Amino acid sequence: MTRIEKRNFSQKQKTLYEPTFEKDNCGIGAVANIDGSASRKIVDDALCIVERLEHRAGKDASGQTGDGVGILLQIPHGFFSDACQKGEIEAADGSACQNLGQARDYGIGMFFFPADFFIRAQAKRMVEKLSQKEGLEFLGWRKVPVCQEVLGQKAKDCMPCIEQCFVRRPKDTPRGIDFDRKLYILRRQFERSTLGTYVCSFSSRTIVYKGMFLVKQLRTFYKDLQSPLCQSALAIVHSRFSTNTNPSWMRAHPNRLIAHNGEINTIRGNVDRMLAREETLRSPKSAKGTWKKFFRRWTKAARIQPCWTTRWNFL
């Protein structure tokens, strides 16, 4: 009898499908200004790249729903400053956020919330409370404008509620990686506390737009990506080709910091090695006991992408 046949199936698991055996192979592209200057052309070029990766992107039998497409780019400060001035960012008390500050003075979290209003409200409140707990000023929420009409039916049926949160940088925290480290700890605590919500990215430097799209739907679905003010000095794009996995909004790439093209099959061994090293992990960049706020959560992820991106973010 095989290992799968010996398994004790739960009430929800009555098939031979086994998540830990998953593999995938996809299309990937990147573009950047060598001088580091942000421009609209970088974003347009990156979107053109992914739109030409249809041969490396999976789709369903109807041809209307893709396996996943996404883009990682620098946070376009001009765009979000303009959105703030237009009153698109709503504070927790219902008032409009008046000022974001300078570039990298704030972090943006890109959230895939459940469609259920009450669960979503609970998750949002959790983000606000954890921000306060970590000494971060919570600025507000922004509903990401989208065009649902371009989606296939399967993508519509499982589409999350997409919102962005804004958190101000503490004055005693330098811009860049030091601030992002605080945002990382905030995100990991939230992920440990709340189920049903996925955080695409949470950073003061980069942001991820992705979803269960065909390659040409990324540009048309997210209205933010159509704005002339959406500029970046770099961009990474990815079109997903699922060989034996089920597509989802969460599984689309990029994954916060990376996008991979290939098969990573040593899942169990890598999870066990991380678990064995948890008790001895130390860092001079963080206070004693910081890591224990979110340990154990990653070891429960059986899929390739969550495991890989979680470890990469941690390192």
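Biologist: What makes you say that strand β4 is largely enclosed by the rest of the structure?

Modeller: In this predicted model, five of the seven residues of β4 are buried, so the strand is largely enclosed by its surroundings. Buried here means under 20% relative accessible area.

Biologist: Why is β4 called an edge strand?

Modeller: The open sheet has four strands in the order β4-β5-β3-β6, with antiparallel pairing, and β4 (137-143) and β6 (198-203) each pair on one side only, which is what the word edge refers to here. From one strand to the next, the twist averages 20 degrees.

Biologist: How do you know that β4 and β5 are paired?

Modeller: Pairing requires at least two bridges between two strands, and six bridges join β4 to β5 (residues 161-168), the two running antiparallel; therefore the pair meets the requirement. Among the bridge partners, glutamate 137 is matched with arginine 168 of β5, and arginine 142 with glutamine 164 of β5.

Biologist: Which helix lies across β4, and at what angle to β4 does it run?

Modeller: Helix α3 (residues 117-133) lies across β3 (106-113), β4 and β5, and its direction is at about 150 degrees to that of β4.

Biologist: Why is serine 201 called buried?

Modeller: Serine 201, found in strand β6, has a relative accessible area of 2%, and since the cut-off for buried is under 20%, the residue is classed as buried. Leaving aside neighbours within four places in sequence, serine 201 is in contact with several residues, including Ile108, Gly109, Met110 and Arg256.

Biologist: How do you know that the span of helix α1 is close to the expected one?

Modeller: Helix α1 (residues 40-51) has twelve residues and reaches 17 Å from its first C-alpha to its last, whereas 16 Å is expected at 1.5 Å a residue, so the expected span, taken as 1.5 Å times one less than the number of residues, is closely matched.

Biologist: What covers the buried residues of α1?

Modeller: The buried residues of α1 are Arg40, Ile42, Val43, Ala46, Leu47, Val50 and Glu51, and their cover includes β1 (27-32), β2 (69-74), α6 (217-221) and β8 (234-239).

Biologist: Which residues have the most contacts inside the largest nonpolar core?

Modeller: That core has 44 residues, and those with the most contacts inside it are Ile71, Phe80, Tyr209, Tyr222 and Trp249. Its largest share, five residues, comes from α1. Apart from this core lies another, of 16 residues, among them Leu136, Val167, Leu183 and Phe190.

Conventions: Residues numbered from 1 in each chain as written. Predicted model: local features only at pLDDT ≥ 70, side-chain atom pairs only at ≥ 80, totals over all residues. Heavy atoms only, no water. Buried < 20%, exposed > 50% of the residue type's maximum accessible area, 1.4 Å probe, protein only. Contact = heavy atoms within 4.5 Å. Axes fitted to C-alpha atoms, helices over the stretch in contact; angles between N-to-C directions. Core = buried A, V, L, I, M, F, W, Y, C linked by side-chain atoms within 4.5 Å.
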